[in-house]
Amino acid sequence: MNALQIRNLSVSYGDTRVVDTVSINVVRGESFALVGESGSGKSTVLKAVAGLAPQWTGEISVFGQPRSKGIDRAFASRGQMVFQDPYGSLHPRQTVDATLSEPLAIHGLGGQDARVQEIMAAVGLDRRFRFRLPHQLSGGQRQRVAIARALMLEPKLLLLDEPTSALDVSVQAEILNLLKRLRREKGLSYLLVTHDLPVVSFLCDRLAVMREGKIVETNTVDALKRGRMTNDYSRELIEKSALTTSA
Ligand SMILES: Nc1ncnc2c1ncn2[C@@H]1O[C@H](COP(=O)(O)OP(=O)(O)OP(=O)(O)O)[C@@H](O)[C@H]1O
């Protein structure tokens, strides 16, 4: 069974179609990257899976369960999204404890105290941060909180939207290592949006290249590293990014 199966997904904002008949399979345990120029529709694909996009058509299934078009509470325990900017995505007046407890409270689950302690340890957040507010944390610590919150309901799929691009370069590697470790330890699958090819090389198994709402190529990260992407536009994009040598 696939962690995520997307079939012919199209998303429009008003009359503008920004995602056009996109199909992606993320195998269980796989880390899959969506790359492409700004505005190509990458984030919109994640939003549709997370239930944050308006009018969409097509089929989305997470671990075999079709996603409904409306609010889908059951989805929260199967898949969760982590946003680019941890400062924007955390409530400024909620402590780490409140932020992490909230998903359990919403879903009527007990054992909050133990679970908060456990997840903080899992993402490498010291206990003394538990009652701090976002502005009392560094960017990297805030992103650890955002990742911890996403994991509270024990989903097996994470939708990662540029999870390190808002962070200082020195902190990016820490968060990437954390994501790599969590994937291994918890058997997670990732669908990750990035424009950063070294991130793809470090964290992903396969990638799809998007252009103007469509996927132009799906290939392995091994092919990316060996310079064996097949589509002309993909190759051009990779060359343009001037990251080929480090990828
Ligand atoms: N809420 C919205 N209302 C109208 N148009 C939107 C909205 N969100 C995104 N778009 C448009 O949809 C298109 C795809 O945007 P999307 O954010 O998915 O691209 P992206 O590839 O993730 O780009 P980036 O790397 O800059 O985040 C863009 O043209 C964008 O302007």
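1. Let's start with one pairing in the sheet: Val 11 has Trp 56 in strand 4 as its bridge partner. Please keep in mind as you read on that this is a predicted model. The pairing belongs to a set of 6 bridges that join strand 1 to strand 4 (residues 56–62), and these two strands run antiparallel.

2. Now for the other neighbour of strand 1. Strand 1 (residues 2–13) pairs with strand 2 (residues 16–27) over 8 bridges, again in the antiparallel sense. If you would like a pair to find on screen, Leu 4 has Val 26 in strand 2 as its bridge partner. The hairpin made by strand 1 and strand 2 has 2 residues between the strands, and Gly 14 takes a positive phi near 60° there.

3. Which strands form the open sheet, and in what order? There are 4 strands, arranged 2-1-4-5, with antiparallel pairing. Strand 2 and strand 5 (65–66) stand at the edges with a single partner strand each, so one side of each is left without a neighbour in the sheet. As general background, strands of a sheet pair through backbone hydrogen bonds.

4. The link between strand 4 and strand 5 consists of 2 bridges, in the antiparallel sense. To locate this part of the sheet, look for Ser 61, which stands opposite Pro 66 in strand 5.

5. On to the core. The largest nonpolar core has 65 residues, and those touching the most other members are Phe 32, Ala 148, Leu 159, Leu 191, Leu 192, Val 200 and Leu 207. Helix 5 (residues 139–151) supplies the largest share of this core, with 6 residues. Ala 148 is a good place to centre your view: leaving aside residues up to four places away in sequence, Ala 148 touches Leu 100, Ile 119, Met 120, Val 123 and Leu 125.

6. Helix 6 is worth a closer look. How does the length of helix 6 (residues 169–186) fit what its residue count should span? At 1.5 Å a residue, its 18 residues should span 26 Å, and the end C-alpha atoms are 26 Å apart, so the two agree. Just after helix 6, Gly 187 takes a positive phi of about 60°.

7. Which residues of helix 6 are buried? They are Gln 172, Ile 175, Leu 179 and Leu 182. Viewed down the helix axis, the buried residues of helix 6 fall within an arc of 95°, so they line one face of the helix. The cover over these buried residues includes helix 5 and helix 7 (197–203). On the other side of helix 6, Ser 170, Arg 184 and Glu 185 are exposed.

8. Glu 174 also sits in helix 6. Is Glu 174 buried or exposed? It falls in between: Glu 174 has 17 other C-beta atoms within 10 Å and is therefore partly exposed, since a buried residue would need 20 or more and an exposed one 12 or fewer. The C-alpha atoms of Glu 174 and Gly 140 are separated by 7.9 Å, although the two residues are 34 residues apart along the chain.

9. Finally, a word on confidence. The average pLDDT of the protein is 92, and 98% of the residues score at least 70. Residues 243–247 have a pLDDT below 50, and this stretch has 10 contacts in the model beyond near neighbours in sequence. Where pLDDT is low, the predicted coordinates should not be read in detail. The model scores are ipTM 0.94 and pTM 0.93.

How values were computed:
Residues numbered from 1 in each chain as written. Predicted model: local features only at pLDDT ≥ 70, side-chain atom pairs only at ≥ 80, totals over all residues. Pairing = 2+ DSSP bridges. Core = buried A, V, L, I, M, F, W, Y, C linked by C-beta atoms within 7 Å. Contact = placed C-beta atoms within 7 Å. Expected span 1.5 Å × (residues − 1). Arc of directions from axis to C-beta. pLDDT = per-residue confidence, 0-100.
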